2 protein chains.
Amino acid sequence: MAATIKDIAKMAGVSITTVSRALNNHTDVNRNTYKKIIKIAKQLNYQPNSSARNLVLKKTNTIGLVISGLTTRSGHHFIYDVICGINEQAKLRNYDVLLIGTSTQQQKEISFKDLCLKRNFDGVILAGVRTGDPYIEQAMQSDIPTVIMGVPVATAFCGSVVTEDVSGAFSAVQHLIDFGHRHILFINGHKETVVSQFRLEGYIKALNKNGIPYNDNYVAHANFEIEGGSQALESLLSHNPEATAVFCASDLMAYGAMMKCMELGFKVPDDISIIGFDGIDITEIVKPCLTTIYQDRWQMGISAVNMLLELLGGSEGYIRFMSPKLVIRESTKMLIK
Amino acid sequence: MAATIKDIAKMAGVSITTVSRALNNHTDVNRNTYKKIIKIAKQLNYQPNSSARNLVLKKTNTIGLVISGLTTRSGHHFIYDVICGINEQAKLRNYDVLLIGTSTQQQKEISFKDLCLKRNFDGVILAGVRTGDPYIEQAMQSDIPTVIMGVPVATAFCGSVVTEDVSGAFSAVQHLIDFGHRHILFINGHKETVVSQFRLEGYIKALNKNGIPYNDNYVAHANFEIEGGSQALESLLSHNPEATAVFCASDLMAYGAMMKCMELGFKVPDDISIIGFDGIDITEIVKPCLTTIYQDRWQMGISAVNMLLELLGGSEGYIRFMSPKLVIRESTKMLIK
DNA sequence: CAAGTAATCCGAAACGTTTCGGAAAAGTGA
DNA sequence: TCACTTTTCCGAAACGTTTCGGATTACTTG
């Protein structure tokens, strides 16, 4: 069906070796035969068979993008941009991206190494994993170049890109404190996720720095989604009516919290200030616009690809920290005593 | 490095033929040698080299997911779910998904056929294309099994899954009419997209059916995004202050319109009813919750994969219509005279 | 003109599979 | 025991590339 190198060789009256060398721009092929070969290749609409190529080159130019929890509802707000960034950058660097959705459950059914080996990935980017997910350990122990997103690890073949969650959370809380708030609730993500502990750390740090005692009753764990934020807020507020501000570990939870506030008759930001985390696009749009800690997800994707290519080039893994940025909008307000 | 079939053959003391046959569960291999081979394979953590396999089998078990405009802002609200559906279903049917972002521009740089040939896709799902995009024609003319999303075409190797935009738009407008509205604005998507013409058709149909004259000044074209909806509404409303309802060809534009309404001092739905299209997740959440025409994007992804596999099985392409559903929420209201 | 060098080319092996066409060994029935 | 089948195995070719190691031819240069 499709034209092969043999067809070209036959038509050009040369050996397949010469065709291969011409097509790959090697030096020792005559200018004229080169031209002839290129012309025939064009004419036959020749495209090299990648399977054959990969086989002999032992390189697929494909990176596996393994995403755990790809299909969780609302996941798109965060991971989509990462995917786009990866996709763009990979294309730029001449790599293809093979998308593989997985889950904590499925990770138990097929090992990370098997998953990758079977597909001959040159390297893989692993995202969406939670603490305790098998693939984290397995990736670190395998010799497949891998960059893990969101989990700070570094080995010979394994790097990571993570946001500075501690400082992000810190600046969120500091912002609220700067606005005069002292009773600050914290709706964190689920415990099994690495970022949650860091964000808690940042929360506590900011409190400490400002001489505000940490109160365990002020923090709740939810699932990063709207409903979770909504429920958590209701519970937290009923036990701590003195609170005037809440820091949410995701924008979606922040919206959930905000809706619940309105439902309960509190105005945002007049009665209660709310700050989110992520900087998803609707924060710029839905009123009141959400003050948040913005993560450049697109750039995270780009960085991941770049790091992976460094690993492929032989360098050791490291941790790339991305600093999130405080974006002040309408959902936080100076506290009036 | 990685174990090959040869290694197993050597260890088991049999030929590679036998190993291959055992691994592929052929019948003519002795029960005991079979067991021995399987055991050694496990022990060596053998995974077949897919490049070699693809080469001889002339089949990659990979489908190309070619998405034009993957990286457009806010695109995630729609396409993400489609991707997830495709991903899940492909995995279920034992196919891998290779993601390729493209654009109208890039389509001019490399032909659809070359793009696919180079990667040895078994088949392709093409999404996000606009009328006039080169890949539509090229896909239809190539012999690569392809399903196109959103463009109703059908050839021997080419099918499509599309939503019934006409009836979707019709029921949106009918809903507004049922609520007593007669002056109904329409903020459509850009003209270059296929769905836009169908939605306009549905809009007009509903008007006609109810004896309402069509007014060209009532319809504007925008870019499917928030800002577009916002601008379009302002312009439309300033010229047609008698309007009491607006139908938007995307939820995002509906939100843009809604924001602008609020800004202009109109209440939604009290002063103006708004209905969107798509049913993205925030329509359930952001107040007032948006009445909309819901498209099951996940199911569209699944259907696309299923159709592609039918094409791969040798059947002819056809058009799969998905019916969108009217979901009545808070942004539309009975008109009080 | 001889000898050395540069420019072009090619044969064959290799990559890791699958599979065709048989061959050897073992079992069957008379 | 013989002729036949069945069971179990294997050699070799093929898939479409790349590349090593040389071979041929043409060009220099003194």
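Reader: How far apart do the C-alpha centres of domain 1 and domain 2 of chain A lie?

Author: This is a predicted model. The domain assignment of chain A gives domain 1 as 5-48, domain 2 as 62-164 + 296-322, and domain 3 as 165-295. Between the C-alpha centres of domain 1 and domain 2 of chain A, the distance is 38 Å.

Reader: How much area do chain A and chain B bury between them?

Author: The size of an interface is often given as the accessible area lost when the parts come together. Here 48 residues of chain A are in contact with 48 residues of chain B. Carbon and sulfur atoms carry 55% of the buried area, and the total is about 4,500 Å².

Reader: Which three residues supply more than any other three of the area that chain A buries against chain B?

Author: Their joint share of the area that chain A buries against chain B is 14%. No other three residues of chain A supply as much. They are A:Q47, A:H76 and A:Y80.

Reader: Which element gives the largest share of the side of chain A that touches chain B?

Author: Across this interface, 26 residue pairs are in polar contact. On the chain A side, α4 (50-57), α5 (76-92), β2 (96-102) and α7 (112-117) each supply at least two residues. By class, that side has 19 nonpolar, 18 polar and 11 charged residues. The largest share, nine residues, comes from α5(A).

Reader: Which side chain meets B:D96 in a salt bridge?

Author: The rule finds two salt bridges across the interface of chain A and chain B. In one of them the N to O distance is 2.7 Å. The partner of B:D96 there is A:R119.

Reader: What is the bridge partner of A:V97 in β2(B)?

Author: β2(A) pairs with strand β2 (residues 96-102) of chain B. The sense is antiparallel, over three bridges. In β2(B), A:V97 has as its bridge partner B:L99.

Reader: Where is A:P269 found?

Author: Most residues other than glycine have a negative phi, and most peptide bonds are trans. The bond joining A:V268 and A:P269 is cis, with omega about 10°. A:P269 is found in the loop between α12 (251-264) and β9 (273-275) of chain A.

Reader: What is omega for the cis peptide bond that joins A:K287 and A:P288?

Author: A:P288 is found in the loop between β9 and β10 (292-294) of chain A. A cis peptide bond joins A:K287 to A:P288, and its omega is about -10°.

Reader: What is phi of A:N25 near?

Author: A:N25 sits in the loop between α2 (16-23) and α3 (31-43) of chain A. This residue is not glycine, yet its phi is positive, near 60°.

Conventions: Residues numbered from 1 in each chain as written. Chains lettered and ligands numbered in written order. Predicted model: local features only at pLDDT ≥ 70, side-chain atom pairs only at ≥ 80, totals over all residues. Heavy atoms only, no water. Contact = heavy atoms within 4.5 Å. Buried area = accessible area lost by both parts, 1.4 Å probe. Salt bridge = Lys/Arg side-chain N within 4 Å of Asp/Glu carboxyl O. Polar contact = N/O pair within 3.5 Å; in protein donor to acceptor, adjacent residues only side chain to side chain. Helix = DSSP H or I, 4+ residues; strand = E, 2+ residues; numbered from the N terminus. Nonpolar A, V, L, I, M, F, W, Y, C, P; charged D, E, K, R; others polar. Pairing = 2+ DSSP bridges. Domains from an automatic or database assignment.
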